[in-house]
Amino acid sequence: MTLRLVITGTDTGIGKTVFSAGLAGLLDGFYWKPVQSGLDGETDSEIVGRLAGLPMGRVLPEVYRLRKPLSPHRSAEIDGVSIEAADLSVPCVPAPLIIEGAGGLMVPLNRRTSFIDIFAQWRLPVILCARTALGTINHTLLSIEALRARSIPLAGIAFIGDEMADTQQTIVEFGGVPQLGRLPHLDPLTDKTLRDAMIAGFGFASIAGGE
Ligand SMILES: Nc1ncnc2c1ncn2[C@@H]1O[C@H](COP(=O)(O)OP(=O)(O)OP(=O)(O)O)[C@@H](O)[C@H]1O
Ligand SMILES: C[C@H](N)[C@H](N)CCCCCC(=O)O
Ligand SMILES: [Mg+2]
């Protein structure tokens with residue numbers, strides 16, 4: 001079985017898709033966003049297609065494509081769709097698979113189930129994307145605690161933003177988790193700048209092992 005990794009985050013809009021694109025590109029893998037809420041503008045899958053530099057066919061189709069850019073449970077209700085956990089089984093592909101959630105861990109898929117419940121069923125190693133900016137210590141440690149409470153393997157933290165040495169170290173120490181690396185804010189953000197920043201910012205030997 002090839003490597004399969006779940007990319008989650010401490011919140012929505014923190015850079016999971018950009019990180020996922022960089023990682024999928026570096027690993028020459030596949031990308032899968034099972035639940036996309038919000039179809040105006042570029043979807044996460046389209047962004048990854050643009051930024052990852054992968055061959056055609058490496059971005060797998062979403063299972064649920066919901067129109068409104070809301071929490072998936074609500075977006076689904078508005079579209080008259082019911083998100084079923086049973087439809088979210090992880091595809092088998094012949095190269096590393098990068099799977100992106102939507103928002104943070106406790107984001108509901110329906111009125112009974114949140115992303116973290118699905119991750120607990122999958123039992124795949126998770127990378128937690130976390131901002132470096134103020135407020136991240138609390139968000140990140142809460143997310144780590146939620147993963148631990150469900151015995152979900154945590155490969156480590158991917159920081160996103162400018163270096164905040166003490167903040168990052170504090171999270172590593174209190175959380176008892178490895179820091180995998182840091183992706184700085186990129187301007188411009190292109191397939192080339194992303195690839196270079198991923199190579200500079202991450203050492204990937206530790207990702208596959210989990211806790
Ligand atoms: N390292 C980065 N450098 C520059 N811009 C970035 C970086 N990471 C994220 N961004 C920008 O921040 C915004 C949010 O990032 P992104 O879409 O990756 O968040 P997300 O965590 O995947 O959100 P969602 O919960 O909607 O999936 C986007 O406009 C993206 O281009
Ligand atoms: C629309 C957005 N970009 C994501 N697709 C979904 C984020 C859901 C967040 C829900 C919440 O935590 O309040
Ligand atoms: Mg995203």
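How many residues surround ligand 1, and which are the closest? I looked this up before anything else and noted that 16 residues surround ligand 1, with T12, G15, K16, T17 and V18 as the closest. I am working with a predicted model throughout.

**Entry: the two ligand shells**

Staying with ligand 1, I asked which element supplies the largest share of its shell, and I found helix α1 (residues 16–27), which contributes three residues. I then sorted the shell of ligand 1 by class and recorded seven nonpolar, seven polar and two charged residues.

For ligand 2 I listed T12, S37, G38, P69, L70, S71, A102, G103, G104 and V107 as the surrounding residues. By class, this shell of ligand 2 holds four nonpolar and six polar residues, and no charged ones. T12 caught my eye, since it is listed among the closest residues to ligand 1 and also appears in the surroundings of ligand 2.

**Entry: L70, from the shell of ligand 2**

I followed L70, which is one of the residues around ligand 2, and located it in the loop between β4 (64–66) and α3 (72–79). Is L70 buried, exposed or partly exposed? I count L70 as partly exposed, because 16 other C-beta atoms lie within 10 Å. Setting aside residues up to four places away in sequence, L70 touches S37 and S75, and S37 is itself listed around ligand 2. As a distance check I took L70 and R150, which are 80 residues apart along the chain, and found their C-alpha atoms separated by 26 Å.

**Entry: the sheet**

In what order do the six strands of the open sheet stand? I read the order as β2-β5-β1-β6-β7-β8, with parallel pairing. The edges are taken by β2 and β8 (179–183), each of which has a single partner strand, so one side of each is left without a neighbour in the sheet. Neighbouring strands of this sheet are turned by 25° against each other on average, direction ignored.

I then went through some of the individual pairings. Strand β1 (residues 4–9) pairs with β5 in the parallel sense over four bridges, and within that region I7 has E100 of β5 as its bridge partner. Strand β2 (residues 30–32) also pairs with β5 in the parallel sense, over three bridges, and F30 stands opposite L97 in β5.

On β5 (residues 97–100) itself, I noted that L97 and I99 point one way while I98 and E100 point the other way, and that all are buried. This fits the expectation that side chains in a regular strand alternate between the two faces of the sheet.

**Entry: β6, β7 and the core**

Strand β6 (residues 126–131) and strand β7 (residues 154–160) pair in the parallel sense over six bridges. Two of the cross-strand positions I wrote down are A130 opposite F159 and C129 opposite A158. Seven of the seven residues of β7 are buried, so I describe this strand as largely enclosed by the rest of the structure. Helix α5 (residues 136–149) lies across β6 and β7 and runs at about 165° to β6.

Which members of the largest nonpolar core touch the most other members? In this core of 55 residues I recorded A24, I98, V126, I127, C129 and A158. Leaving out residues up to four places away in sequence, C129 touches I7, T8, G9, I14, G15, K16, F19, A158 and I160; of these, G15 and K16 are also among the closest residues to ligand 1.

**Entry: the loop between α5 and β7**

I152 lies in the loop between α5 and β7, and I count it as buried because it has 22 C-beta neighbours inside 10 Å. Apart from neighbours within four places in sequence, I152 is in contact with F119, A120, V126 and L147. The C-alpha atoms of I152 and P125 are separated by 7.0 Å, although the two residues are 27 apart along the chain.

S151 lies in the loop between α5 and β7 too, but S151 is exposed, with 9 other C-beta atoms within 10 Å. Its phi is positive, about 55°, although S151 is not a glycine.

**Entry: further backbone points**

R123, in the loop between α4 (115–122) and β6, has a positive phi near 60° while being a residue other than glycine. With 14 C-beta neighbours inside 10 Å, R123 counts as partly exposed. Finally, I noted a cis peptide bond joining D187 and P188, with omega about 5°, and placed P188 in the loop between β8 and α7 (191–201).

Technical notes: Residues are numbered from 1 along each chain as its sequence is written. Chains are lettered from A and ligands numbered from 1 in the order in which they are written. This is a predicted model: local features need pLDDT of at least 70, side-chain atom pairs count only at pLDDT 80 or more; totals for chains, interfaces and linings use all residues. A residue is near a molecule or strand if its C-beta atom, placed from the backbone, lies within 6 Å of it. Ala, Val, Leu, Ile, Met, Phe, Trp, Tyr, Cys and Pro count as nonpolar, Asp, Glu, Lys and Arg as charged, and the others, Gly among them, as polar. A residue is buried if 20 or more other C-beta atoms lie within 10 Å of its own, exposed if 12 or fewer, and partly exposed in between; C-beta atoms are placed from the backbone. Two residues are in contact if their C-beta atoms, placed from the backbone, lie within 7 Å. Two strands pair if DSSP finds at least two bridges between them. Axes are lines fitted to C-alpha atoms, for helices over the stretch in contact, and angles run from 0 to 180 degrees between N-to-C directions. A nonpolar core is a set of buried Ala, Val, Leu, Ile, Met, Phe, Trp, Tyr and Cys residues joined through C-beta atoms within 7 Å.
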